[in-house]
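This briefing concerns the chain shown below. It proceeds from burial and overall form to salt bridges and aromatic pairs.

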Amino acid sequence: MRLDVVTVFPEYFSPLDLSLIGKARERGLIDLRVHDLRRWTHDVHHSVDGTPAGGGAGMVMKPQPWGECFDEVIDGQRRPHLLVTSPAGEPFSQKKATELAREDWLMFACGRYEGLDQRVVDYAAERMPVTEVSLGDYVLFGGEVAALTMIEAVTRLVPGVVGNSASLDEESHVNGLLEAPAYTKPAEWRGHVIPDVLRSGDHGAVDRWRRDQSLIRTLRRRPDLVAQLDESTLDKRDRHLIERAGIDEPDADQA
């Protein structure tokens, strides 16, 4: 997978030399290219922003550097999927990360200040797929942190990046629920004991316990996720837990 990131702070992405992503880059699984937007400025101050049209507070990123960046970086018949980080974008999710992990070229446009001139997005949309994406319902100083998060979420789903791919199947949000609690040795630590079922050797009972704990944790912390579950994925015990929590089961036509 190729990843291009356009930012005014390239140093933000140095953590991508570390851990599993760094190893994936060394092995050629990830081709990451970070571009400094100021390369495509022409004034002595390397300005990338201007005052808002119509007045108002803050500054807006100018279209000229972005246009020249796109013209140079996207050189050929292939076109990336451009992801514009913006608090006004659609919510990023595990489902979205899974979809993006199937693509072979992603490009991240990291906004700053009051964001990109809208014409940047409109111009790009004439040449490539564009999605404006939000990390959550809050505002950051810029899009770099959001892009870093999305890159981690996507690249760990690329085949070969995570050594034991089976671990990806039991994570939060993969099946619509939050992940069950995890434990390791020793069996007792400072008066806290690992649940007996996890030491029983009964894999069926362990799987059931993890399913129960996953559902209970989701009911307590994110009941909105339970309401979105596909009813066909719920068994009798699941329904009993949901009823005890006082949450309506998902409607078949909502799932």
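A residue counts as buried when its relative accessible area is under 20%, as exposed when that area is over 50%, and as partly exposed in between. On that scale Glu-144, at 0% relative accessibility, is buried. The model discussed here is a predicted one. Within the chain, buried residues account for 39% of the 255 residues.

**Overall form**

- The chain contains 8 helices and 9 strands.
- Along the principal axes, the C-alpha atoms fill a box of roughly 70 × 40 × 40 Å.
- Of the contacts between residues at least 6 apart in sequence, 73% join residues at least 24 apart.
- The chain exposes about 14900 Å², and carbon and sulfur atoms supply 49% of that area.
- The chain carries 31 positive and 43 negative charges, and the mean positions of these two groups are 5 Å apart.

**Arg-112 and Glu-144**

- Arg-112 is placed in the loop between β6 (105-110) and α4 (118-125).
- Arg-112 forms a salt bridge with Glu-144, in which the closest N and O atoms are 2.8 Å apart.
- This salt bridge links distant parts of the chain, since Glu-144 belongs to helix α5 and Arg-112 to the loop between β6 and α4, 32 residues apart.
- Is Arg-112 buried or exposed? With a relative accessible area of 11%, Arg-112 is below the 20% limit and therefore counts as buried.
- Glu-144 has a relative accessibility of 0%, so this partner is buried as well.
- Apart from neighbours within four places in sequence, Arg-112 is in contact with Val-8, Phe-9, Tyr-12, Met-61, Phe-141, Gly-142 and Glu-144.

**Thr-7 in strand β1**

- Thr-7 lies in strand β1, which covers residues 2-7.
- The relative accessible area of Thr-7 is 0%, so Thr-7 is buried.
- Thr-7 and Gly-111 are separated by 104 residues in sequence, yet their C-alpha atoms are 7.4 Å apart in space.
- Beyond neighbours within four places in sequence, the contacts of Thr-7 include Phe-13, Val-34, His-35 and Asp-36.
- Leu-37, Cys-110 and Glu-144 are also among the contacts of Thr-7.
- Glu-144 thus appears in the contacts of Thr-7 and in those of Arg-112.

**Other salt bridges**

- How many salt bridges does the count come to? The count comes to 17 salt bridges.
- One of them joins Glu-72 and Arg-39, whose closest N and O atoms are 2.6 Å apart.
- That pair also links distant parts of the chain: Glu-72 is in helix α2 (residues 63-73), and Arg-39 is in the loop between β2 (31-36) and β3 (49-50), 33 residues apart.
- Glu-72 has a relative accessible area of 41% and is partly exposed, whereas Arg-39, at 51%, counts as exposed.
- A salt bridge also brings together the side chains of Asp-196 and Arg-199, with an N to O distance of 2.8 Å.
- Asp-196 is exposed at 58% relative accessible area, while Arg-199 is partly exposed at 45%.
- Through shared partners, salt bridges join Arg-208, Arg-211, Asp-212, Asp-235, Arg-237 and Asp-238 into one network.

**Aromatic pairs**

- The distance of the centres and the angle of the planes describe a pair of aromatic rings.
- The count comes to 3 aromatic pairs.
- One of them is the edge-to-face pair of Phe-9 and Tyr-12, at 6.4 Å centre to centre and with 65 degrees between the planes.
- Phe-9, at 33% relative accessibility, is partly exposed, and Tyr-12, at 35%, is partly exposed.
- The ring centres of Tyr-183 and Trp-209 are 6.4 Å apart and their planes are at 55 degrees, so this pair is tilted.
- Where do the two partners lie in the chain? Tyr-183 is in the loop between α5 (144-155) and β8 (188-189), and Trp-209 is in helix α6 (residues 203-221), so that the pair links distant parts of the chain, 26 residues apart.
- Tyr-183 is partly exposed at 44% relative accessibility, whereas Trp-209 is buried at 16%.
- Phe-9 and Tyr-12 are both among the contacts of Arg-112.

How values were computed: Residues numbered from 1 in each chain as written. Predicted model: local features only at pLDDT ≥ 70, side-chain atom pairs only at ≥ 80, totals over all residues. Heavy atoms only, no water. Phe/Tyr/Trp six-rings, centres within 6.5 Å; stacked < 30°, edge-to-face > 60°. Buried < 20%, exposed > 50% of the residue type's maximum accessible area, 1.4 Å probe, protein only. Helix = DSSP H or I, 4+ residues; strand = E, 2+ residues; numbered from the N terminus. Contact = heavy atoms within 4.5 Å. Areas by Shrake-Rupley, 256 points an atom, 1.4 Å probe, with all protein chains shown as cover. Lys, Arg positive; Asp, Glu negative; His and termini not counted. Charge placed at Lys NZ, Arg CZ, Asp CG, Glu CD. Salt bridge = Lys/Arg side-chain N within 4 Å of Asp/Glu carboxyl O.
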